[in-house]
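Let's take a walk through this fold, one piece at a time. Keep the viewer open as you read.

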Amino acid sequence: MTVYLNGQFMPLEEARIPVLDRGFIFGDGVYEVIPVYSRRAFRLAEHLLRLQHSLDGIRLQNPHSDAQWAHLIDELIARNNGEDQYLYLHITRGVARRDHAFPKPPVAPTVFMMSSPLLAPPAELLHSGVGAVSATDNRWLRCDIKAIALLPNVLLRQMAVDAGCAETILIRDNNFMTEGAASNIFVVKSGTLLAPPKDNLMLPGITYDVILELAAANGIPHQVRKIAAAEVFDADELLLTSSTKEVLAITRLDGKPVSDGRPGPMFARLYKLYQDFKRDVMRK
Ligand code: PDD
């Protein structure tokens, strides 16, 4: 596996960062996950825009222009095996003596990228759907920043794993649904696809956008609005989306079946549209 670190490509085993890196000490950095289909980065412009939003959110200057990123990303894809990959980009505020405040003068950021195989969800998961648990969203108020400081997400997702499930659905203020610990969540009720609005309390998912675009282009009734917790527990269908999982049906929530406990018609429709889109658009 070839990775990129601070201007150089190298084998993963050779990549080293100093222990005073602010990513290590404070979790002071941001990241992106970008799927690659047929050796092309998917929705690169949108991922780079979200990266810029995250960098602005933590007041860190973007170390590269979009053209430079595109060049580095192409190079990383070329140096790794696999038609389909997923790329991880990670930028921290660099290496400095430990002090919460920003280094003054600023130091060079740490820029790290790696590629991993992108594996489509196995057929049995598509057929059965996945389980989820619900939990209080106890994260900060800037969940729109794709921050590397993921301790709340780590603990929340482990709750799902401990319960033999795939994801944790997050409820804010005992009141409304935000997203999953590592995915966006859609609710289906009476044939309408419901999506929470992009705000400071959720990550603006790139896959979330694709799903809403596919719904709009194919006449699927959909609404973007706040989703009450009660609507999640009374849903006809629940869906999760992310760059690495694409779209999956959630068929059990807190140990109870969602409707009849099987993936529903909205999932079947969106899954097919997503696969068609992958074949016709993403791979071209
Ligand atoms: N996570 N919400 C959260 C909290 C996420 O971590 C992710 C993705 C998403 C979905 O965003 P997108 O469709 O752009 O992947 C929503 C990535 C895959 C990760 O951390 O590995």
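Strands β13 (residues 237-242) and β14 (residues 246-253) pair in the antiparallel sense, with 5 bridges between them. The two form a hairpin, and 3 residues sit between the strands. If you want one pair to click on, take Thr241, whose bridge partner in β14 is Val247. Keep in mind that this is a predicted model.

β14 is a good strand to stay with for a while. Of its 8 residues, 7 are buried, so the strand is mostly covered. β14 also pairs with strand β7 (residues 130-136), this time in the parallel sense, over 3 bridges. There, Ala132 stands opposite Leu253 in β14. Further along the chain comes strand β15 (residues 256-257), which pairs with β14 in the antiparallel sense over 2 bridges. Arg252 has Pro257 in β15 as its bridge partner. β14 and β15 make a hairpin too, with 2 residues between them, and Asp254 in that turn has a positive phi of about 50°.

What about the packing around here? The largest nonpolar core has 44 residues, and Ile169, Leu193 and Leu238 are those with the most contacts inside it. Helix α8 (residues 265-282) supplies the largest share of this core, 7 residues. Ile169 is worth selecting on its own. Setting aside its neighbours within four places in sequence, Ile169 is in contact with a list of residues that includes Ala132, Val133, Leu238, Ile250 and Leu253. Ala132 is the residue that stands opposite Leu253 in β14, so to speak a familiar face. Other contacts of Ile169 include Met177, Ile185 and Val232, along with the polar names Ser134 and Glu179.

Apart from that core lies another one, of 23 residues, with Leu44, Leu51, Val111 and Met113 among them. Met113 takes us to a separate sheet. Strand β1 (residues 2-5) and strand β6 (residues 110-117) run antiparallel and are joined by 2 bridges, and Tyr4 stands opposite Met113 in β6. Zoom out and you get an open sheet of 6 strands in the order β2-β1-β6-β5-β3-β4, with antiparallel pairing. Which strands stand at the edges? They are β2 (8-11) and β4 (40-41); each has a single partner strand, so one side of each is left without a neighbour in the sheet. Helix α2 (residues 44-57) packs on this sheet, touching β3 (29-37), β4 and β5 (85-92), and the direction of α2 makes about 175° with that of β3.

Now for some backbone geometry that may catch your eye in a Ramachandran plot. Most residues other than glycine have a negative phi, and most peptide bonds are trans. Ser38 goes the other way, with a positive phi of about 50° although it is not a glycine. Ser38 is found in the loop between β3 and β4. Is Ser38 buried, exposed or partly exposed? Its relative accessible area is 24%, so Ser38 counts as partly exposed. Asp173 is another residue other than glycine with a positive phi, near 55°. Asp173 lies in the loop between β8 (167-172) and β9 (176-180), and with a relative accessible area of 57% it is exposed. As for omega, the peptide bond from Lys104 to Pro105 is cis, with a value near -5°. Pro105 lies in the loop between β5 and β6.

Helix α6 (residues 206-217) is a handy check on helix geometry. Its 12 residues reach 17 Å from the first C-alpha to the last, close to the 16 Å expected at 1.5 Å a residue. The buried residues of α6 are Ile206, Thr207, Tyr208, Val210, Ile211, Leu212, Leu214 and Ala215. An α-helix has 3.6 residues a turn, so residues three or four places apart point the same way. After α6 comes Gly219, whose phi is positive, near 65°.

Last, the cysteines. How many disulfides are there, if the sulfur atoms of a pair must be within 2.5 Å? The count comes to 0. Cys143 is buried, with a relative accessible area of 6%, and Cys165 counts as buried as well, at 13%.

Conventions:
Residues are numbered from 1 along each chain as its sequence is written. This is a predicted model: local features need pLDDT of at least 70, side-chain atom pairs count only at pLDDT 80 or more; totals for chains, interfaces and linings use all residues. Side-chain values use heavy atoms; hydrogens and water are left out. Two strands pair if DSSP finds at least two bridges between them. Helices (H or I, at least four residues) and strands (E, at least two) are DSSP runs, numbered from the N terminus. Contact means heavy atoms within 4.5 Å. Axes are lines fitted to C-alpha atoms, for helices over the stretch in contact, and angles run from 0 to 180 degrees between N-to-C directions. The expected span of a helix is 1.5 Å times one less than its number of residues. Buried means under 20% relative accessible area, exposed over 50%, partly exposed in between (1.4 Å probe, protein chains only). A disulfide is a pair of cysteine sulfur atoms within 2.5 Å. A nonpolar core is a set of buried Ala, Val, Leu, Ile, Met, Phe, Trp, Tyr and Cys residues joined through side-chain atoms within 4.5 Å.
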